[in-house]
Amino acid sequence: MSDTVFSSDRPARSRACWAALAICLIALATIAGVWFFQLVLGIQPCPMCLEQRYAYYITIPLAAVLAIAAGRDAPRSLLVAGFAVLFCVTVFNSAFGAYHAGVEWGFWPGPTECTGSAVDFGEPGNLLENLKTAKVVRCDEVQWSFLGLSLAGYNALISALMAALAGWGLLGLGRRRPI
């Protein structure tokens, strides 16, 4: 690759690198925060909360690889594909977080498996012991909130921010500068 082409491509790659790095750091901080809430503060996640974490488990390594790839002259098509995946995953997770927050606020019903009263108590021989220790975490009850937003609401906002950063990186890669 000639210096001229590399120089004209450098601003887009730099923008992509910064966007991917920001997404990776935001996702790492968020997942560290939810693990802190769970393991240190004892706030147990509901099934929908656990499902929302999957997006972070995809986003963190993908954003890290994209940050490295953008700095190492990876093919533009690979970067565009990676940012497109990041954008889709984070937009979906933002919508899922908003849906979950709506379930918590009673705007619409949630899935019956985590908003009803049915509980799996395990083996029949241990029923009494399992009844004593069972803690049902329902998807339609707010476990924790700050400034009127639950963790699901914050997930929606954080995922929307990461989607915006992925879109910003993607748009920068979409523009080709003349040689």
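This passage describes the fold, the residue contacts and the surface of a predicted model.

The chain comprises 6 helices and 2 strands. Read from the N terminus, its elements follow the order α-α-α-α-α-β-β-α. Of the 179 residues, 37% count as buried. Among contacts with a separation of 6 or more, 76% are accounted for by residues 24 or more positions apart. The exposed area of the chain is about 10,100 Å², of which carbon and sulfur atoms supply 68%.

Residue A27 is located in helix 1. With a relative accessible area of 0%, A27 falls under the 20% limit and is therefore buried. Leaving aside residues up to four places away in sequence, A27 touches Y56, T59, I60 and M162. The C-alpha atom of A27 lies 9.1 Å from that of A63, and these two residues are 36 residues apart along the chain.

A search of the whole structure returned 1 salt bridge. This salt bridge joins D73 and R13, with a distance of 3.5 Å between the closest N and O atoms. Because D73 is in the loop between helix 2 and helix 3 while R13 is in helix 1, the pair ties together parts that are 60 residues apart in sequence. The two partners were also assessed for accessibility. D73 counts as partly exposed, at 31% relative accessibility, whereas R13 is buried, with a relative accessible area of 3%.

Aromatic residues were examined next. The search of the whole structure found 6 aromatic pairs. One of them is formed by F36 and F37, whose ring centres are 6.4 Å apart and whose planes make an angle of 85°. Since an angle over 60 degrees counts as edge-to-face, this pair is placed in that class. F36 is partly exposed at 41% relative accessibility, while F37, at 16%, counts as buried. Elsewhere, ring pairs link F92, F96, Y99, W105, F107 and W108 into a cluster. A charged side chain also accompanies an aromatic ring: R53 lies over the face of W35, at 5.0 Å from the ring centre.

W35 and F36 also belong to a nonpolar surface patch of about 750 Å², together with L39, V40, L41, Y54 and Y57. Helix 1 (3-39) and helix 2 (47-71) are the elements that give two or more residues to the patch. The most is given by helix 1, with 3 residues. Y57 is located in helix 2 and is partly exposed, at 39% relative accessibility. Membership of a patch requires over 30% relative accessible area, so the value of 39% for Y57 meets this condition.

A further set of contacts involves E104, which lies in helix 3 (residues 76-104). The relative accessible area of E104 is 13%, so this residue counts as buried. When residues up to four places away in sequence are not counted, E104 touches C139, D140, E141, V142, S150 and A152.

Methods
Residues are numbered from 1 along each chain as its sequence is written. This is a predicted model: local features need pLDDT of at least 70, side-chain atom pairs count only at pLDDT 80 or more; totals for chains, interfaces and linings use all residues. Side-chain values use heavy atoms; hydrogens and water are left out. Rings of Phe, Tyr and Trp (its six-membered ring) pair if their centres lie within 6.5 Å; planes under 30 degrees apart count as stacked, over 60 as edge-to-face and the rest as tilted. Buried means under 20% relative accessible area, exposed over 50%, partly exposed in between (1.4 Å probe, protein chains only). A charge sits over a ring if NZ of Lys or CZ of Arg is within 6 Å of the ring centre and within 35 degrees of the ring normal. Patches are made of residues with over 30% relative accessible area and no salt bridge: like charges are joined within 9 Å, nonpolar side chains (Val, Leu, Ile, Met, Phe, Trp, Tyr) within 5 Å. Accessible areas come from the Shrake-Rupley method with a 1.4 Å probe; for residues, only the protein chains shown count as cover. A salt bridge is a side-chain nitrogen of Lys or Arg within 4 Å of a carboxyl oxygen of Asp or Glu. Helices (H or I, at least four residues) and strands (E, at least two) are DSSP runs, numbered from the N terminus. Contact means heavy atoms within 4.5 Å.
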